[in-house]
Amino acid sequence: MAKIGIIGGSGLGDALCGDAGRCRRHHVATPFGDPSDTILETQWDNTTVFLLNRHGAGHLIGPSDVNYRANIYALKAIGCTHVIASGAVGSLREEIQPTDLVIPDQIIDKTHRRVPTFFDHAMAVHVELAAPFCPVLQRHLASCAAAVAPTRVHVGGTYVCMEGPGFSTRAESEMHRAWGGSLIGMTAAPEFKLAREAELAYALLCLPSDYDCWRQSPHELSKQELLKEIIGNLTRATANATALIQQAVARFNEIAEIPSPAHSALELAIWSHRDTILPAHRKHLGVLVEKYL
């Protein structure tokens, strides 16, 4: 049975999880530690959704310190089959304006402080990542764009994931543009890789709040005024993203039975001989591998 998990990023995490009084709370223990926050179960249009705030209550967890493995494992363990994730980004393209929404289809991972796999010690597992996001879920999100008209929803583009927590230098920003990057953010990796290893159909909805630093503001603004403008952009993008995700959930029955390539990602990815995999490792990995081991 298809179940939807929603990972809220900057702004959207609080917006989606803020009315926790009507939610059922799940404290999910994982072999990889604690998730960022309690998983909240609620109903949208008679569809059960599981909400997880990536940065935790009060936005205390920075991008490099998010326990991505625990977050994805917890959503898998609770029964999710699909994940819609959100994240604030900077735009690297003139045509992608602040407060627009973007559904990227590619990613460049520049992170280096984060564990990018569940299988670092237990066994050799190599998942396909040529198409890093679920095409079925991407198309579904794109088909719901009318819910936020006249806001522009860009379909496609490359997300560059940097380590952070500091922002790019101007030279780095120009380099990311030269690479073909459309967006710059700090949270999509290794989240998308772990979702694939967990056989979760995963799509990303990005909320541009500014033009990064490659494009200087045409207005003479103080730092305080610029920050206020960025926060205002993120607030408007958050409202639009919330509306689009809620529409996608309301129409989820349209794709609930369509198989995602991600749902069989481990079928040919486990290269270790089954009889050499230690029982302790099988137990440790639990719901990730029980279908195959």
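1. A convenient place to enter this structure, which is a predicted model, is the pairing of histidine 26 with isoleucine 39, its bridge partner in strand S3. The two strands concerned, S2 and S3, run antiparallel and are joined by 3 bridges. Strand S2 covers residues 24–26 and strand S3 covers residues 39–44.

2. The loop between S2 and S3 holds threonine 38, and this residue deserves a careful look. Threonine 38 has a relative accessible area of 13%, and because the limit for a buried residue is under 20%, it counts as buried. Its side chain is joined to that of histidine 27 by a polar contact of 3.4 Å. When neighbours within four places in sequence are set aside, threonine 38 is in contact with Arg25, His26, His27, Leu51 and Leu52.

3. Strand S3 itself is largely enclosed by the rest of the structure, since 5 of its 6 residues are buried. On to the next strand, the pairing is again described residue by residue: S3 and S4 run antiparallel and are joined by 5 bridges, with glutamine 43 standing opposite threonine 48 in S4. These two strands form a hairpin that has 2 residues between them, and aspartate 45, which lies in the turn, has a positive phi of about 50°.

4. Strand S4 spans residues 47–53, and threonine 47 belongs to it. Is threonine 47 buried or exposed? Its relative accessibility is 19%, which places it among the buried residues because the cut-off is under 20%. Apart from neighbours within four places in sequence, threonine 47 is in contact with Ile4, Thr42 and Val249. One of these contacts, Ile4, falls within strand S1, which consists of residues 4–8.

5. Strand S5, made of residues 82–91, is mostly covered, with 9 of its 10 residues buried. Which strands pair with S5, and in what sense? Strand S1 runs parallel to S5 and is joined to it by 4 bridges, and within this pairing isoleucine 6 stands opposite isoleucine 84. Strand S11, residues 201–210, also runs parallel to S5, and 9 bridges join the two; here valine 83 has tyrosine 202 as its bridge partner. Strand S10, residues 183–185, pairs with S5 in the antiparallel sense over 2 bridges, and in that strand isoleucine 184 is the bridge partner of glycine 90.

6. The aromatic side chains form a separate topic, and a search of the whole structure finds 6 aromatic pairs. The rings of tyrosine 211 and tryptophan 214 have centres 5.9 Å apart and planes at 90°, so this pair is edge-to-face. Both partners are buried, tyrosine 211 at 11% relative accessibility and tryptophan 214 at 13%. Elsewhere in the chain, ring pairs link Phe32, Tyr73, Phe118 and Phe119 into a cluster.

7. The edge-to-face pair also has charged residues placed over its rings, and each ring can be taken in turn. Arginine 177 lies over the face of tryptophan 214, at 3.8 Å from the ring centre, whereas the ring of tyrosine 211 has the charged end of arginine 215 over it, 4.2 Å from its centre.

Terms used:
Residues numbered from 1 in each chain as written. Predicted model: local features only at pLDDT ≥ 70, side-chain atom pairs only at ≥ 80, totals over all residues. Heavy atoms only, no water. Buried < 20%, exposed > 50% of the residue type's maximum accessible area, 1.4 Å probe, protein only. Contact = heavy atoms within 4.5 Å. Phe/Tyr/Trp six-rings, centres within 6.5 Å; stacked < 30°, edge-to-face > 60°. Lys NZ or Arg CZ within 6 Å of the ring centre and 35° of its normal. Polar contact = N/O pair within 3.5 Å; in protein donor to acceptor, adjacent residues only side chain to side chain. Pairing = 2+ DSSP bridges.
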